[in-house]
Amino acid sequence: MSEWTDSIVGDRMTVDREFNDRVTASEFSNQEWGLIMTATELDIENADNPETARLIADTENLSQIMPELDTVQSQMSQMGGSPRDTGGGSGGGVVESIKGVLGLGSDDNGSDEERLEAAERLAQAYADELQSHLEAAGKWKQVRVAYQE
């Protein structure tokens, strides 16, 4: 199945550039987005049916990289700021940063689950954008056929 993904490398590069604004506006840094996409596999659902075929982001492995996303976020905070404002009132400050580095911070229990869901939504938005690009370029049928082989 890697042949079909090899055939869309240039298209992915184009969509990556176009999608960068969505990543910048998200809660994820570029480094975190890179990790998310490394753990995400693209798949085609119903490839044999032109009417219902859909490019999907298989995010099954994302939960395995969540600790690494936390590490990236912690490292960025140590370097003088977070790539995003996590909101929620008090800024935390030095003590919270140290607790985070030591793995003692984050009392909000749903935070990892919320970040996982946000990563899944953003990855699927990327897949939707890539499919739209392939359709506009007249390559979607070719990609679906290559996927089936």
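Is Ser 7 buried, partly exposed or exposed? I looked this up before anything else, in what is a predicted model. Ser 7 has a relative accessible area of 38%, so I noted this residue as partly exposed.

**Entry: Ser 7 and its surroundings**

I placed Ser 7 in the loop between α1 (2–6) and α2. I then looked for a partner remote in sequence and took Val 143. Ser 7 and Val 143 are separated by 136 residues in sequence, yet their C-alpha atoms are 7.7 Å apart.

**Entry: the chain as a whole**

I listed the secondary structure and got 7 helices and 2 strands. Read from the N terminus, the order of elements is α-α-α-β-β-α-α-α-α. The protein chain has 149 residues, of which 34% count as buried. I also checked the sequence range of the contacts: among those between residues at least 6 apart in sequence, 73% join residues at least 24 apart.

**Entry: α2 against α3**

I took helix α2 (residues 9–25) and helix α3 (residues 30–39) next. They pack at an angle of about 130 degrees, and their axes are 12 Å apart. The two helices, α2 and α3, are therefore oblique to each other. I recorded their crossing as right-handed. On the α2 side the contact is made by Arg 12, Phe 19, Asn 20 and Val 23, and on the α3 side by Asn 30, Trp 33 and Met 37. Sorted by class, the residues of this contact of α2 with α3 are 4 nonpolar, 2 polar and 1 charged.

**Entry: α2 against α6**

I followed α2 to helix α6 (residues 111–136). The axes of α2 and α6 come within 10 Å and cross at roughly 130 degrees. That angle makes α2 oblique to α6. The crossing of α2 and α6 is right-handed. From α2 I wrote down Asp 11, Arg 12, Thr 14, Val 15, Asp 16, Glu 18, Phe 19 and Arg 22, which meet Leu 122, Ala 125, Tyr 126, Glu 129, Leu 130, His 133 and Leu 134 of α6. The contact of α2 with α6 divides into 7 nonpolar, 2 polar and 6 charged residues. Arg 12 and Phe 19 appear in this list and also in the contact with α3.

**Entry: α3 against α4**

I turned to the other pairing of α3 on my list, with helix α4 (residues 62–78). Their axes come within 9 Å and cross at roughly 170 degrees. Angles over 145 degrees count as roughly antiparallel, so α3 is roughly antiparallel to α4. I noted the crossing of α3 and α4 as right-handed. In α3 the contact uses Gln 31, Glu 32, Leu 35, Ile 36 and Ala 39, and in α4 it uses Leu 62, Ile 65, Glu 68, Leu 69, Val 72, Gln 73 and Met 76. The classes in the contact of α3 with α4 are 8 nonpolar, 2 polar and 2 charged residues.

**Entry: the strand pair**

Which side chains of strand β1 (residues 41–45) are buried? I found that the side chains alternate along β1: Leu 42 and Ile 44 point to one face and are buried, while Glu 41, Asp 43 and Glu 45 point to the other and are not. I then checked the pairing of β1 with strand β2 (residues 54–58), which is antiparallel over 5 bridges. Leu 42 stands opposite Ala 57 in β2.

**Entry: Asn 46**

I located Asn 46 in the loop between β1 and β2. Most residues other than glycine have a negative phi. Asn 46 is not a glycine, but its phi is positive, about 55 degrees. With a relative accessibility of 40%, Asn 46 counts as partly exposed.

**Entry: Gln 131 and Ala 137**

Is Gln 131 buried or exposed? I found Gln 131 in helix α6, and its relative accessibility is 10%, so Gln 131 counts as buried. Leaving aside residues up to four places away in sequence, Gln 131 touches Ala 53, Arg 54, Leu 55 and Trp 140.

I closed with Ala 137, which lies in the loop between α6 and α7 (140–148). Ala 137 has a relative accessible area of 41% and is therefore partly exposed. Between Ala 137 and Asp 11 there are 9.0 Å in space, C-alpha to C-alpha, for a separation of 126 residues in sequence. Asp 11 is one of the α2 residues that meet α6.

Note on methods: Residues numbered from 1 in each chain as written. Predicted model: local features only at pLDDT ≥ 70, side-chain atom pairs only at ≥ 80, totals over all residues. Heavy atoms only, no water. Axes fitted to C-alpha atoms, helices over the stretch in contact; angles between N-to-C directions. Helix = DSSP H or I, 4+ residues; strand = E, 2+ residues; numbered from the N terminus. Parallel < 35°, antiparallel > 145°, perpendicular 65-115°, else oblique. Left-handed = near helix turned anticlockwise from the far one by under 90°. Contact = heavy atoms within 4.5 Å. Nonpolar A, V, L, I, M, F, W, Y, C, P; charged D, E, K, R; others polar. Buried < 20%, exposed > 50% of the residue type's maximum accessible area, 1.4 Å probe, protein only. Pairing = 2+ DSSP bridges.
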